[in-house]
Amino acid sequence: MNKVYSILAALAIATAANAQIGQPYIHDPSTIAECDGKWYTFGTGGGGLISDDGWTWHSGAERPGGGAAPDVLKIGDRYLCIYGATGGGLFGGHNGRILTMWNKTLDPKSPDFKWTTPVEVASSDGMEDCDAIDPCLLLDPTTGRLWATYGTYFGNIRLIELDPKTGERVKGNIEKDVAIDCEASALMYKDGWYYLLGTHGTCCDGVNSTYNIVVGRSRSVEGPYVDNVGRDMFRGGGRMVIAARDRKTGAGHFGRYIFDDGVELMSFHWEADFELSGRSTLAVYPLLWKNGWPYAGEQLKAGTYAILSERRGYSLEIAVDFVRMQQERQGWFNRNQAQQPVKPIANQTLDEVIGTWPDATEAVAVRCSDYMFRPWQKWQLTPTTKGTICGPLYAIRIAGTNRALTATSNVELTTKDYAELDEQLWRVEQLTDGTFRIMPYAIPGKGKNQKYCLYSAGDSTPTLAEYDFSSDNSKWNFRMENQ
């Protein structure tokens, strides 16, 4: 019965691991912004989405001015919004205006909610080699200077400098062309490099849209931005960050959000989600880094996995007796074995060992050991309908059973019968280096958990301890296994 339950539950919500849920319908979303415990993004046409937990989204965000492709950035205790008033071929023209405005809060129900009068910071006349639309913002963490890029396929991507106190154009600033052959640009900074991301391909054609996100980098915010094989983005270069995947196509309008040390997210839209009538939807994926280049990570799908420590590579398992397998053995010294037929050996099954385990109602500890694809080492991950900005919450059970990984009140680990308790739900978040951290959603008696993760205190000793990105003890890997 438990095995059937696990399989059906996984099938019923398998798609939850790949997309935000609720009503995530938006086009050209701004970078995700947090305000008073809620999450916001704004889109083309005005308005936007709100989420109480970062996973389930609904309409309700408010942004006046209409237009297209806004971006939002928190500076100090205020939020700066930048957007394109026209352009992009809207109503048949490429004459556009880029405007900025401020608000103390993003919550439309707050008494402090009021957008300031928009201020124009750039424009295009429809004849020049630029289309003033699709702006983005970067507050340089090294200098405190504020930059914006804008532009579409109709001409060049341009860079301008704004005043971070007023949101207005810096007096005397002259725009600079930095890229071509893309739109919906974005800027970010990491480890001495400035990155320019652009959306390449065709827009606004539903399931036939070819939008994808590319990147170049520079030691100067003013460029030149060059890709991994030395191509200047002003000559059409760009390294792929993400294209179509998981029955979703048209990745565009990149935004970066740093959630925690080693935990970064990228927001964007899918032009068409095949599972949601081909609608344009919000996407939030892990943002990973390899050799100084960003790329999109993954959220784990429902399935059976080995959970391996980065510390040594040992496997997480329940602490039960090792059950030996029977084998008709032939010594290595048998010189005639090459002439004898090969007989494949079947994997050890759950039914062959579960009778030696404690009763299903008893708690069983966990440990780490060499992985041998045995039943006590195989974990079924099932995404639930609950989640955070980093992804869905998972139930983690021994495959074929209802025995679930559980956090205890003394900040330790055990396994016991799954009852949908908060301490049996787990945040599984891919880190910037490609490994994962595994955090209980809650700890009994302590409430929601933001501190403790699954931790390899010794090669064979898993526990819960404070997350430390600099330590391999905090990191784990998942390898999908056959049941």
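A cavity is a set of points, on a 1 Å grid over the protein atoms alone, where a 1.4 Å probe fits but cannot get out; lining residues have an atom within 4 Å of a point. This is a predicted model, in which local features need pLDDT of at least 70, side-chain atom pairs count only at pLDDT 80 or more, and totals for chains, interfaces and linings use all residues. Residues are numbered from 1 along each chain as its sequence is written, and side-chain values use heavy atoms, with hydrogens and water left out.

**Exercise 1. List the residues that line the second largest cavity, then sort them by element and class.**

Step 1. Take the volume, which is the space filled by probe spheres set on the points, with grid points joined across faces, edges and corners. For the second largest cavity it is about 60 Å³.

Step 2. Name the lining. It consists of Val263, Glu264, Leu265, Pro286, Glu298, Gln299, Leu300, Cys390, Val428, Glu429, Gln430 and Phe436.

Step 3. Assign elements. Strands (E, at least two residues) and helices (H or I, at least four) are DSSP runs numbered from the N terminus. Strand E19 (263-273) and strand E29 (425-430) give two or more residues to this lining.

Step 4. Sort by class. Ala, Val, Leu, Ile, Met, Phe, Trp, Tyr, Cys and Pro count as nonpolar, Asp, Glu, Lys and Arg as charged, and the others, Gly among them, as polar. The lining has seven nonpolar, two polar and three charged residues.

**Exercise 2. Describe the largest cavity.**

Step 1. Count first. There are two cavities of 30 Å³ or more.

Step 2. The largest cavity has a volume of about 90 Å³. Of its 14 lining residues, Pro135, Cys136, Ser185, His253 and Phe254 are the closest to the centre.

Step 3. At least two lining residues come from each of strand E6 (68-75), strand E14 (183-190) and strand E18 (248-260). By class, the lining divides into eight nonpolar, four polar and two charged residues.

**Exercise 3. Which strand gives the most to the lining of the largest pocket?**

Step 1. Define the pocket: an open set of points with protein on both sides within 12 Å along at least five of seven lines. The largest pocket holds about 580 Å³ of space.

Step 2. It has 23 lining residues, of which Thr31, Leu73, Arg256, Tyr257 and Ile258 are the closest to its centre.

Step 3. Strand E2 (33-35), E6, strand E10 (136-139), E14 and E18 each supply at least two lining residues. E18 gives the most, with five.

Step 4. The classes are 17 nonpolar, two polar and four charged residues.

**Exercise 4. Trace the open sheet that contains E6, then the hairpin of E27 and E28.**

Step 1. Two strands pair if DSSP finds at least two bridges between them. The open sheet has four strands in the order E6-E7-E8-E9, with antiparallel pairing.

Step 2. Find the edges. E6 and strand E9 (119-123) each have a single partner strand, so one side of each lacks a neighbour in the sheet.

Step 3. Look inside. Strand E7 (residues 78-84) and strand E8 (residues 97-103) are joined by six bridges. Isoleucine 82 has threonine 100 in E8 as its bridge partner.

Step 4. Move to the hairpin. Strand E27 (residues 403-407) and strand E28 (residues 413-417) run antiparallel, joined by five bridges. Alanine 404 stands opposite lysine 416 in E28. Five residues lie between the strands, and valine 411 takes a positive phi near 60°.

**Exercise 5. Locate the partners of three salt bridges.**

Step 1. A salt bridge is a side-chain nitrogen of Lys or Arg within 4 Å of a carboxyl oxygen of Asp or Glu. The structure holds 23.

Step 2. Glutamate 175 meets arginine 158 at 4.0 Å, N to O. Glutamate 175 is in the loop between strand E12 (157-162) and strand E13 (176-179), arginine 158 in E12, 17 residues apart. Buried means under 20% relative accessible area, exposed over 50%, partly exposed in between (1.4 Å probe, protein chains only). Arginine 158 is buried at 10%, whereas glutamate 175 is partly exposed at 33%. Both belong to a salt-bridge network with Glu128, Arg169 and Asp177.

Step 3. Lysine 301 meets aspartate 246 at 3.3 Å, N to O. Lysine 301 is partly exposed at 32%, and aspartate 246 is partly exposed at 25%.

Step 4. Glutamate 275 pairs with arginine 247, the closest N and O atoms being 2.8 Å apart. Glutamate 275 lies in the loop between E19 and strand E20 (279-290) and arginine 247 in the loop between E17 and E18, so the pair ties together parts 28 residues apart in sequence.
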